[in-house]
Structure formats: C-alpha cells, structure tokens
Amino acid sequence: MTSVATAINLITRADAERLSKEAPAASTCSSDLAKGPWEFDAAEALRGLPAYGPGASSADVAPASTPRQGQLPQEYKDASDDELRARIHAAKQTLGDRVVVLGHFYQRDEVVEHADFVGDSFQLANAALTRPDAEAIVFCGVHFMAETADILSREDQAVILPNLAAGCSMADMADIDSVQQCWDQLEELFGTEPDAEGRVPVIPVTYMNSSAALKGFCGEHGGIVCTSSNAATVLEWAFERAQRVLFFPDQHLGRNTAKAMGVPLEQMPMWSPRKPWGGTDPETLRDSRVILWHGFCSVHRRFNVAQIDKARAEYPGVRVIVHPECPMEVVDAADEYGSTDYIRKAIAAATVPTVFAIGTEVNLVNRLAAEYPQHTIFCLDPVICPCSTMYRIHPGYLAWVLEGLVEGEVRNRIEVAADVAEPARVALERMLAARP
Ligand code: 13P
Ligand code: SF4
C-alpha cells in the first residue's frame with residue numbers, strides 16, 4: 001500500500017496523462033494536494049484571506065481570526081523526502097528526551113514515522129502528560145489539540161504546532177461570541193433555577209474539537225468536554241445535572257450519540273448562529289433535550305449511504321465501520337460506528353480475514369490497510385481527499401521546528417492565556433473524571 005502522498009502524486013500524474021490520452025484514472029479531490037502546503041501559505045498571504053487549503057474542507061469559510069503560517073525557509077521547501085527524514089531524525093537524536101513528538105492518526109505517514117506517540121486527540125492529550133520532563137511537545141495534529149496539550153501540560157513546557165494554519169474547520173464553526181449570544185437567549189428563555197430534582201435548565205457540552213475559549217466557557221458554566229470515544233458517558237453526566245444540553249460544535253456527534261441513548265429526533269433542534277432563535281423557536285427549545293450546534297466535519301460529511309450500498313453489493317459480508325462525525329443516515333446504515341481508536345481496535349481484534357469498509361480520514365484507513373494485510377480494508381469514499389488542515393503538517397515544517405529547538409529557538413509555540421486555560425482545565429478534568 002502506497003502512502004496517501006505517493007498515491008496523490010501518482011494519480012495527479014495519471015490525470016495529466018489521461019487529459020492527453022483520455023484513459024480512465026482514479027482522482028483526488030484537488031490536484032493542489034500534490035503541492036507542498038507552503039505554496040498555499042504563499043497564495044494566502046497574497047490574497048490576504050485565510051483559507052483551509054486543499055483537501056476536504058477547502059470549500060468551508062475560514063474565519064478572519066484563523067491563524068496564518070509565515071513562509072517556511074526555502075531550504076525546507078527544496079529538501080527531498082529523504083533529506084527531510086534524515087534531518088528530522090538527526091534533530092530528534094540531538095534533542096533526546098528534551099522533546100516528545102505526538103502524531104494524530106490522520107497525519108500523513110511521512111510525519112507519523114517520527115512520532116513518539118500516535119493516537120486520537122484524547123490519547124495524545126494524555127500522552128503529553130506522561131512526559132513532564134520534556135521541554136517541548138511537538139504536536140503533529142491541529143490547533144485545538146495543541147491548545148489542549150498546553151492546558152494540561154506543565155507551564156514551562158512549550159507546546160509547538162509545526163504549521164500554525166493547521167486548524168480544524170469544524171472547530172471554527174462555533175466561536176465564543178456566537179455561543180455566548182446563544183447562551184444569553186437560552187438563559188432568558190429558561191431562567192437559571194434548578195427543577196425539583198436539582199437539575200439546572202441547560203448545561204453546555206463541547207466536543208474536544210473546539211477552541212480553548214469554548215472549553216473555558218463550559219468550565220465556567222458547569223459544563224464539560226467530550227471526545228468521540230466518551231460522548232455517551234459525558235451526555236449521561238450532563239443529563240444527571242441538567243434538563244437539557246447545548247452541544248457544540250458537531251451536530252452529527254451530538255445527534256448520533258443522543259439518538260443511541262433514546263433521545264427522540266424532535267427533541268434535538270438545531271441552533272444556527274446568526275438566525276433569530278437559532279432558526280428554531282422558543283416552544284421547540286423548551287421541549288428539547290439536546291440543542292445541536294450547526295457544525296460539521298467536511299471530511300466525514302463526504303460519506304453517504306450510496307457508498308455503503310455499493311460496498312455491500314461488491315463485497316457481501318463487508319463490515320462497515322464509520323466515525324460518529326458522519327451524518328446520521330450513514331451511521332444508521334453502517335454496521336458499527338466509533339472513534340478513530342474504536343475503528344483501529346475493531347480491526348486489530350478481527351481474528352479471521354475480513355473486508356472492512358471504513359468511513360473516516362483516508363490517511364488512517366490506508367495505514368490500517370498496510371498494517372493488516374490479512375484483511376481487505378478500504379475507505380468508503382473512493383476519492384482521495386484528506387483533511388485539509390491535517391495536510392498542513394508536512395515533514396518540512398516538522399524539520400523546521402525541531403531544528404529550531406536544536407538551535408535554542410522555540411518556533412510556533414501555542415500558549416493559552418491563563419484566564420482561559422483555568423476554566424478550560426476544569427471542563428477537561430470533569431471529562432477525565434466522568435465514568436460510564
Ligand atoms: P479523534 O478524537 O477520534 O482523534 O478525532 C479527531 C478528529 O478530528 C476527528 O475528525
Ligand atoms: Fe476537523 Fe474534520 Fe479535520 Fe477532524 S477531520 S481535524 S474534525 S476538519
């Protein structure tokens with residue numbers, strides 16, 4: 001199995017040949033994916049507007065506040081894959097235990113090979129805690145993950161995000177001002193008095209994929225953080241304390257989780273920021289159990305029921321597993337759903353050769369396919385379209401931040417201000433303490 005980057009290059013070349021010969025070829029969602037992310041940084045600097053870059057969220061609107069990455073020095077852009085690999089290796093050898101490199105499952109293989117820990121966002125947040133002596137935590141993931149590591153790590157540890165523009169388009173769909181406005185309206189509608197069982201009218205629950213400011217908001221308002229692996233436990237925690245939940249930013253994780261817990265769809269209205277009453281009405285809100293924010297992941301939104309039908313027709317007996325960020329009808333049509341770690345463990349536990357059709361980011365799916373050759377494992381989406389922002393972490397940026405550390409310079413540090421970090425830690429610690 002070739003890496004996603006190699007596959008993109010091969011397909012892009014095949015596409016060019018096809019244009020001249022009209023031969024059929026597989027496709028990528030954007031031929032720009034074959035370029036280094038720095039080409040996008042340069043174009044963005046010229047245009048003056050932030051964007052997410054090529055990949056699954058390129059059509060999403062990036063807020064003006066989206067962090068930008070300055071230009072990567074030319075030597076890193078020009079370096080070959082082998083040269084970058086050798087330079088990263090040498091820098092890590094020199095730094096030894098002074099640095100720990102964390103890699104999310106969705107990172108490209110050329111980055112994952114240098115990670116000391118590979119995992120989902122929750123596991124990586126915990127991994128950062130296991131190395132309190134490391135001076136620097138280099139987080140090969142996206143911005144909210146680096147913020148979480150900074151909140152949970154020691155004050156003198158520097159958390160580094162190799163490319164500052166590696167955000168998350170879903171996390172950016174809920175900003176603190178819009179959530180505060182929604183909250184003010186809900187408080188006006190419901191008041192703040194608990195009912196006879198001591199449950200407050202509403203508790204905020206934020207998905208890990210959100211800014212530190214929103215985690216802080218939850219900490220300050222009796223709320224909590226969840227991940228895709230503990231969302232049901234967290235919702236139970238919240239329902240013990242509140243009559244209803246305001247869940248942001250991912251409507252799909254909220255809907256899929258609450259539906260599996262027996263909450264009827266009509267008691268899950270959606271709140272669209274900038275619309276009066278969020279596009280719903282006071283009566284529906286009064287009757288609600290979960291108010292879902294209008295956010296979504298553009299990677300997981302690509303999966304659909306037709307892809308599942310096709311997989312079942314081509315591979316009778318196929319096991320379809322999807323991530324809970326997929327739309328409800330996709331989760332309903334799948335055999336199972338769960339977090340990235342659930343998917344990985346389900347495949348690892350299969351004892352007989354099995355065909356797996358997976359609905360999550362292509363870098364993880366292809367890595368699992370290479371790791372478990374006894375199984376047939378493929379991505380439900382036939383088009384190679386990685387997460388735009390995970391794509392932003394290229395080995396060139398990793399080499400640049402690590403060599404900076406060797407030279408005594410901390411580049412791209414992510415620091416959450418203390419007044420936000422304190423309440424955000426409270427919300428994260430509530431999550432860590434919540435038990436099924
Ligand atoms: P995990 O929490 O499973 O790592 O997922 C993160 C993510 O961004 C999923 O789209
Ligand atoms: Fe965000 Fe989706 Fe990318 Fe995950 S896969 S980082 S939710 S855009």
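**Exercise 1. Sort the shell around ligand 2 by residue class.**

The shell around ligand 2 splits into eight nonpolar residues, five polar ones and one charged one. The classes work like this: Ala, Val, Leu, Ile, Met, Phe, Trp, Tyr, Cys and Pro are nonpolar, Asp, Glu, Lys and Arg are charged, and the others, Gly among them, are polar. Step back to the shell itself: 14 residues surround ligand 2, and the closest are Cys-168, Met-170, Cys-297, Val-299 and Cys-387. To be near a molecule or strand, a residue needs its C-beta atom, placed from the backbone, within 6 Å of it.

A word on the model before going on. It is predicted, so local features need pLDDT of at least 70 and side-chain atom pairs count only at pLDDT 80 or more, while totals for chains, interfaces and linings use all residues. Residues are numbered from 1 along each chain as its sequence is written, and chains are lettered from A and ligands numbered from 1 in the order in which they are written.

**Exercise 2. Do the same for ligand 1: which residues are around it?**

Start with the list: Asp-120, Ser-121, Phe-122, Met-208, Asn-209, Thr-227, Ser-228, Cys-297, Glu-325, Ser-339 and Thr-340. Now sort them, and you get three nonpolar, six polar and two charged. Cys-297 is in this list, and Cys-297 is also one of the closest residues to ligand 2.

**Exercise 3. Describe how α9 packs on α18.**

Two packed helices are described by the angle between their axes and the distance between the axes. Helices (H or I, at least four residues) and strands (E, at least two) are DSSP runs, numbered from the N terminus. Axes are lines fitted to C-alpha atoms, for helices over the stretch in contact, with angles from 0 to 180 degrees between N-to-C directions.

Step one: α9 (residues 212–220) and α18 (residues 418–433) pack at about 70 degrees, their axes 7 Å apart. Step two: that makes α9 roughly perpendicular to α18. The cut-offs are under 35 degrees for roughly parallel, over 145 for roughly antiparallel, 65 to 115 for roughly perpendicular, and oblique for the rest.

Step three: the crossing is left-handed, as the near helix is turned anticlockwise from the far one by less than a right angle (clockwise would be right-handed).

Step four: α9 brings Ala-212, Ala-213, Lys-215, Gly-216, Cys-218, Gly-219 and Glu-220 to the contact, and α18 brings Val-420, Ala-421, Pro-423, Ala-424, Val-426, Ala-427 and Leu-428. Contact means C-beta atoms, placed from the backbone, within 7 Å. By class, the contact of α9 with α18 has 10 nonpolar residues, two polar and two charged.

**Exercise 4. Compare with α4 and α17: at roughly what angle do their axes cross?**

The axes of α4 (residues 81–95) and α17 cross at roughly 30 degrees and come within 9 Å, so these helices are roughly parallel to each other. This crossing, too, is left-handed. The contact residues include Leu-84, Ile-88 and Leu-95 of α4 and Leu-398, Leu-402 and Val-406 of α17. The contact of α4 with α17 divides into 10 nonpolar, two polar and four charged residues.

**Exercise 5. How many residues of α9 are buried, and how many of α7?**

Buried means 20 or more other C-beta atoms within 10 Å of a residue's own, exposed means 12 or fewer, and partly exposed is in between, with C-beta atoms placed from the backbone. In α9, eight of the nine residues are buried, so the helix is largely enclosed by the rest of the structure. Its cover includes α7 (143–152), α8 (176–190), β5 (203–207), β6 (224–226), β7 and α18.

For α7, 10 of its 10 residues are buried. Its cover includes β1 (99–104), α6 (121–129), β3 (136–140), β4 (158–160), α9 and α18.

**Exercise 6. Hunt for unusual backbone geometry.**

Most residues other than glycine have a negative phi, and most peptide bonds are trans. Here are some spots to check.

- Phe-248 and Pro-249 are joined by a cis peptide bond, omega about -5 degrees; Pro-249 lies in the loop between β7 (245–248) and α11 (251–260).
- Trp-277 is not a glycine, yet has a positive phi of about 50 degrees. It sits in the loop between β8 (270–271) and α12 (282–286) and is partly exposed, with 17 other C-beta atoms within 10 Å.
- Asn-412, also not a glycine, has a positive phi of about 60 degrees. It is found in the loop between α17 (395–406) and α18, and it counts as buried with 22 C-beta neighbours inside 10 Å.

Technical notes. Contact = placed C-beta atoms within 7 Å.
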